[in-house]
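Let's take a walk through a protein together. We will begin with a single residue and then move on to a sheet.

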Amino acid sequence: MAIDLDTIVAIRVNPTRDAITLRNVDENKFGQLTYTTDPDQEVDLRNHTWGNYVISAYKGVFDHLRAHDYKVPETQGLDIMVDGRVPTGSGLSSSAALVCSSALAIMAALGVPRLKKGEVAEFTAKAEQYVGVMSGGMDQAISVMGTWLEAQLIEFNPVRASPVQLPDACYFIVANSLKVSEKAVSGVAHYNVRVVECRIASALLAKKLGATNDEIMGGYKTLKEVEPLIEAFYMEHRESQPDDDSSWCVAAVEEFLTTGYRTTPDIEKDLGLKLSQLFEDDAASKNVLRDVYSFKPHDRAMHVYTEKQRVYDFAQVCADSRVSHAKAAAVLGSLMNASHKSCAEYYECSCAELNTLVELLRELGATGARLTGAGWGGCAVALVKGKEVALKILKELHDKFYKDHEVVDKVRKEAGDDAARKFIEEMAFISTPAQGACIITVPTDVL
């Protein structure tokens, strides 16, 4: 679901200057930057700045228009001002919010006809990869396709969203662990490694299930693409079939992938090809292979397949009118708890700060809680039944987690008690599903 925090991008064409000028309302933290209007300019990954996200969006707009034979507008000078309430490094998709809102603003300023939401979600996900993060597209999809008071079931290839009506009186508490997680900075060490591990898991499963190396090189890049091979195997080998067909993928992981770390030579022996061949056209993955020499394909695949089933179970519970709202909330909470356990143990994208926060949220009365976003820091999200309960938990969370936290103490010492209280209020809040991105055109006579 989209949350009720926003990123705002104001834009105007500047015919007097052939440049893109970026400014931020918080100019002390995000200084003014200037770029050329060339859509083929390189994004400077060695000098990561907030402007990289805006320029990635700019490049993404032109990439998409060219690739799909849309009319490509002439480049023009642009003045851009950014403001927003989505904290950076919090796991709340601040980078996706900036890329998506920038892309929409740039298209509007350059007179590009409005595209379908799914198109925008797809090309902005690709665009964010210019900053060095192998983004999967979930953040961009919900940023663009979110709707008021509804969660969304997001599916891919192509990107599409189906509304999910949550049980009555369900509220979400979003709480920051105060451990900063910058995907673009730590991508090689964390986020991108998981993408590589899932690709390796896909290739190993495909190999075990009879795919040739040529087929593996040309396809089976995702665990989803391996599912038809898994289904075919268990349809043929009925004696090995799990009772529940939704667990076929889990059974295949257990049967064909070895637990624990697998070294690069070990994986290459099983595949019969070099990992450098598997990722020959993927610069970000090659960067991972240069620094990482052992992987956990079993655990990563186990998380992906079980998490996929939890997502569908979540949507099914919400849609089942036979289930009481109280029972539905309890089941949804248990799914969130199982999700966090899998994130922590199988995907290993949690951290001590998140685990502590998630456990505290449950102790204070949340029906369920889990990390949100890419992990390794950022926020947790908790499901709570009833607004009064949510307010009570929020107050106790302020007292038990934030009040004496070293980060809050630093704010208090540097800026005073009022600033510390405001900071805490921004770090944990109640949210219901909110609207995704939109374009607002301001008449020139009111500017």
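A helix here is a DSSP run of H or I that is at least four residues long, and helices are numbered from the N terminus. Keep in mind, as you look around, that this is a predicted model.

With that in hand, find helix 2, which covers residues 94-109; Ser102 has its place there. Is Ser102 buried or exposed? Its relative accessibility is 1%, and buried means under 20%, so Ser102 counts as buried. Which residues does Ser102 touch, leaving aside those up to four places away in sequence? They are Val9, Val54 and Ala57. The side chain of Ser102 also has a polar partner: it reaches the backbone oxygen of Leu98, at 2.6 Å.

Now let's turn to the sheet. Four strands make up this open sheet, and you can follow them in the order 10-11-7-12, with antiparallel pairing. Why does one side of strand 10 (368-371) and of strand 12 (428-431) lack a neighbour in the sheet? Both stand at the edges and each has a single partner strand, so one side of each is left free of a neighbour in the sheet. From one strand to the next, the twist averages 20 degrees.

Look next at strand 7 (residues 170-176), which runs antiparallel to strand 12 and is joined to strand 12 by 4 bridges. Here you can spot Ile173 standing opposite Ile430 of strand 12. Packed on the sheet is helix 18 (residues 417-427), which touches both strand 7 and strand 12. The direction of helix 18 makes about 40 degrees with that of strand 12.

Conventions:
Residues numbered from 1 in each chain as written. Predicted model: local features only at pLDDT ≥ 70, side-chain atom pairs only at ≥ 80, totals over all residues. Heavy atoms only, no water. Helix = DSSP H or I, 4+ residues; strand = E, 2+ residues; numbered from the N terminus. Buried < 20%, exposed > 50% of the residue type's maximum accessible area, 1.4 Å probe, protein only. Polar contact = N/O pair within 3.5 Å; in protein donor to acceptor, adjacent residues only side chain to side chain. Contact = heavy atoms within 4.5 Å. Pairing = 2+ DSSP bridges. Axes fitted to C-alpha atoms, helices over the stretch in contact; angles between N-to-C directions.
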